[in-house]
Amino acid sequence: MQVGNEINTEILLEKAVPEDTKINWDRNVQLLNAGISAVRDFSADVDVAPQVMMHIAQPEYVEPWFDDAIAAGLLNVDIIGVSYYPKWSVTLFSGTKAQIRHFKTKFEKDVVIVETAYPWTLESNDAAANILGEDSLIADYPATVDGQRRFMIDLMQAVVDGGGLGVVYWEPAWISSDCKTRWGQGSHWENATLFDLKNAELHEGSDFLGHTYTRTE
């Protein structure tokens, strides 16, 4: 059970505030602990025991966030969830394994990359501009179906080698449509889904799901 989504800042703020605003940890931890307690209370009355996850955007923010949260009295959580998008992270792709291993060792928790994506094309299927464009590409992984597939296989392997639990792809099915969102009509993400632009059919970039992963070190 994930308590909050990309909670790098405070949760349940009354209005949007700059992301670099200093966190009021007394308030923040009180709210987070209330969410954690609700999960624990639920599990006491049923035959399932959901684990609790805290989800931070980008690896470089995980350690300082958890250091501050634990010092402020955050209740024990089970899993560290991390968003990793190379476009917005200072963590090099080659450094993800070491980061996962460090988090797991220092905080003694399981680690999952719960958000990541990679473009398989730079084309667009509608008027909604793609969020992941050429500035999202990293060396050796072109914006092709094979480039996307290899990126995901290598990232998954890095997580496995780092002792992490796995990777969740976001968002695999945000294909272009006539639907409107608060950002516009269509999809800003269709070039990073697991489906082609023409027929919305599953393409070979999704083959990372069937790849065999074994810890190599």
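Visitor: What makes Asp 146 and Arg 149 about one helical turn apart?
Guide: In this predicted model, they sit three residues apart in helix α4 (residues 145-161), so about one helical turn separates them.

Visitor: Why is the contact between Asp 146 and Arg 149 called a salt bridge?
Guide: Their side chains meet with N to O at 2.6 Å. The cut-off is within 4 Å, so the name fits.

Visitor: And why are Asp 146 and Arg 149 called partly exposed?
Guide: Asp 146 has a relative accessible area of 36%, and Arg 149 has 24%. Buried means under 20% and exposed over 50%, so both land in between.

Visitor: Which residues are joined into one network by salt bridges that share partners?
Guide: Those are Glu 63, Asp 67 and Lys 106.

Visitor: How do you know that Lys 106 forms a salt bridge with Glu 63?
Guide: Check the closest N and O atoms: they're 2.7 Å apart. That's within 4 Å, so it counts. Lys 106 lies in helix α3 and Glu 63 in helix α2, so this pair ties together parts 43 residues apart in sequence.

Visitor: What about Glu 10, is it buried or exposed, and how do you know?
Guide: Buried! Its relative accessible area is 14%, and the cut-off is under 20%, so Glu 10 qualifies. Its salt-bridge partner is Arg 27, at 2.9 Å from N to O. Arg 27 comes out at 27%, so it is partly exposed.

Visitor: How many salt bridges does the structure hold?
Guide: Eight.

Conventions:
Residues are numbered from 1 along each chain as its sequence is written. This is a predicted model: local features need pLDDT of at least 70, side-chain atom pairs count only at pLDDT 80 or more; totals for chains, interfaces and linings use all residues. Side-chain values use heavy atoms; hydrogens and water are left out. Buried means under 20% relative accessible area, exposed over 50%, partly exposed in between (1.4 Å probe, protein chains only). Helices (H or I, at least four residues) and strands (E, at least two) are DSSP runs, numbered from the N terminus.
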